[in-house]
Amino acid sequence: MEERYRNLIETTKESEVIFHGKVFDTIVKKVSLPDGSEARREIVSHHGGACVLPIDDEMNCYMVRQFRSPFEKLMLEVPAGKLEIGEEPLSCAIRELHEETGFEASEIVPFGGMVVSPGYDSEIVWLFMATGLKQLGQKLDDGEFLNIEKIPFTELLKMAENGEIGDSKTQLCIYKAARRLGI
């Protein structure tokens, strides 16, 4: 680390897992701040996830619409899921593409990862674009309910721009794909 940033570093003094769940853990840390004072940090520890924007040869995208409990509403998103322990992001993206949409892709383009909310959450979501789609049949997980919606890419881009799509991973995936495709 560069010396000029040393005055920004916090040091963890204590760390305790106060909740262990299926999707995430919650950790409370006692930290020493750069000025020597102490503070408490509440952290959501998450294994991360992957999402994938499937685009067919006619530039149609296949999105999923599902109910999201934290917001008590339906949301339009790219197919996505959480990483299993030890799973590579690309494997997760391929798995979720197949499970949620039924597609297999001949090409998967990585767009890198995005830090979801660095102030309290360790989650990184890895973004991908899938092309050369072949329908194999959907394989939803138990308790998973969603609709697949076929939307032309240019319309999807407008939806992201005008605020119809609120999900950040979906917005970023659309914008990265637009840049990659020269749209």
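Helices and strands are taken here as DSSP runs, with at least four residues for a helix and at least two for a strand, numbered from the N terminus. Read in this way, the predicted model follows the pattern β-β-β-β-β-β-β-α-β-β-β-α-α along its sequence. The chain thus holds three helices and 10 strands.

A few overall values help to set the scene. The C-alpha trace spans about 60 × 40 × 30 Å along its principal axes. The chain has 183 residues, and 39% of them count as buried. About 11000 Å² is exposed by the chain, with 51% of that area supplied by carbon and sulfur atoms. Among contacts between residues at least 6 apart in sequence, 57% join residues that are at least 24 apart. As for charge, the chain carries 21 positive and 32 negative charges, and the mean positions of these two sets lie 3 Å apart.

One sheet deserves a closer look. Strands pair in a sheet through backbone hydrogen bonds, in either a parallel or an antiparallel manner. In this model, three strands make up an open sheet in the order β6-β5-β10, with antiparallel pairing. Its edges are formed by β6 (73–77) and β10 (147–152), each of which pairs on one side only. On average, neighbouring strands of the sheet are turned by 30° against each other, direction ignored. Strand β5, covering residues 60–68, is joined to β10 by six bridges in the antiparallel sense. For a reader following along in the structure, Y62 offers a handy starting point: its bridge partner in β10 is K150.

Methods:
Residues are numbered from 1 along each chain as its sequence is written. This is a predicted model: local features need pLDDT of at least 70, side-chain atom pairs count only at pLDDT 80 or more; totals for chains, interfaces and linings use all residues. Side-chain values use heavy atoms; hydrogens and water are left out. Buried means under 20% relative accessible area, exposed over 50%, partly exposed in between (1.4 Å probe, protein chains only). Contact means heavy atoms within 4.5 Å. Accessible areas come from the Shrake-Rupley method with a 1.4 Å probe; for residues, only the protein chains shown count as cover. Lys and Arg count as positive and Asp and Glu as negative; His and the chain ends are not counted. The place of a charge is taken as NZ of Lys, CZ of Arg, CG of Asp or CD of Glu. Two strands pair if DSSP finds at least two bridges between them. Axes are lines fitted to C-alpha atoms, for helices over the stretch in contact, and angles run from 0 to 180 degrees between N-to-C directions.
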